[in-house]
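Q: Please take a close look at a single part of this model and describe it for someone new to it. Say as well how far the prediction can be relied on.

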Amino acid sequence: MKMKNKKGLLLVALASHLMLSGNATWAMGLLQAYDAALQNDPTYRSAIYESEAGKQYVAIGRSNLLPSVSMNFATSKNRTDITAPNFLGQSTTTHPEYNSTVRSISMRQPLINLDGVARYYQGVAQTNYSDAQFVGRGQDLILRLVGAYFDALFAQDQLALANAQRDTLVEQRRVNDRMFQQGEASKTDMLEIQARLDLAQAQVIEAQDNVTAANNALSAIVGSEATQLDTMVNDFRFKSLSPADFDSWKALAMANNAELALQRYTLDAVSQEVNKNRAGHMPRLDFVASYSQNDSESINTYNQDSVVRSVGVQLNIPLYAGGSVSASTTQAAANYERAKADMSAKVDKVLIDLRKQYNLVLSSVSRIDALVKSVDSARLLVLATEKSVKGGVRINLDVLNAQQQLYTAQRDLAQARYGYLLAYLRLRSAAGTLSTDDVREMAAYFKANS
């Protein structure tokens, strides 16, 4: 699985951020929202730094196989008491004072180090895990952003429908007032309309609160308040599902799903933990070399300068460590088996979600088609009912019920269309193929308000 070009995405997001800076509230399309989210979403920004930190695991692991070099410098002033017999056989004591200096450089290169090999491959697995995690966080950002954008749009749709329903009732009340004054409407009709109008006003207030909450959720992701969103185009077209069969989507998910990739790399890291602990029983062979310059290093080399060069190998054979190596190896092996079980559970979860989104995409097509017909039929019903009222066949309550049916059908259609697009993105995410191109395709379903 390849990681996205984070620097390129950040440059695009930064350019968008600079162009839009200075405006606390601005019109925002889906692509603009995505660019802003790349720059400002706290969760995604955290993922960027987490990924940068994760890249260092492979370097840390490789360091166990590379040479280690150290340098040492020491200087000291010494005063020594020396008691020794003189030529007459008598003991005399002298107090020589001198400076000693030691300069050395040493190098150690592992030749046989199974622990270091295990740590290296574990570092590779951890870096791969970090890369896969970043890809998953990028896909999660797309789903969170599009979901919040759709929620904000749907909240605005609900508010528009609530306002339209209230305005219709206000107009209907005016008509009934005139009809009542002319003796053509009953008091019951007026009370019925007033009751519906009061309920509609309450629904408008609730819809306004929902719009505010949805906009706040979107603003938290994009980092700026945006109340002017693109609206869905009238010519709604279904996306061609490619591949068409579920088995192909399943193959994509098994190869590319971010959660499964994370579990595979976790399994790799845990397996190397077993090897690392098992290496506690194995010998280690190092190539060692050193170079040192010593000036009066000790009293025995007083007033002597020496240069020592050494090259050799060092073998370390562990014999017994209180049983900790065996216990740690057994523990790591148990954790490996647990990771394998977690992998199986994760595969089941991913495939269940994949099947759910696949079926939802397919069923949404028929559902949306049915809701489109429902909206058209509801419009015709309203017109027919209004004509019937004028003809004396129907009553005012029938008009109100027909209008309520129209508003409900329009709301359900809008919700179904948003749900269809979101299910398609979730299907792509479960298959591990969700990318910026999908955001561009989603943006084509919307247009700026004129």
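**Confidence and the open sheet**

A: In this predicted model, pLDDT (the predictor's confidence in each residue, from 0 to 100) is lowest in helix α1, residues 6–20, with a mean of 41, and highest in helix α7, residues 246–256, at 96. Helices (H or I, at least four residues) and strands (E, at least two) are DSSP runs, numbered from the N terminus. For the protein the mean is 87, and 92% of its residues reach 70 or more. Residues 1–25 stay under 50, and the model gives them 41 contacts (heavy atoms within 4.5 Å) beyond four places in sequence.

The part chosen here is an open sheet of four strands, ordered β2-β5-β8-β9, with antiparallel pairing. Two strands pair if DSSP finds at least two bridges between them. At the edges stand β2 (68–79) and β9 (305–316); each has a single partner strand, so one side of each has no neighbour in the sheet. On average, neighbouring strands of this sheet are turned by 15° against each other, direction ignored; axes are lines fitted to C-alpha atoms, and angles run from 0 to 180 degrees between N-to-C directions.

At the β2 edge, the partner is β5 (residues 97–112), and the two strands pair in the antiparallel sense over 12 bridges. Serine 76 has serine 100, in β5, as its bridge partner.

Residues are numbered from 1 along each chain as its sequence is written. Local features need pLDDT of at least 70, side-chain atom pairs count only at pLDDT 80 or more, and totals for chains, interfaces and linings use all residues, while side-chain values use heavy atoms, with hydrogens and water left out.
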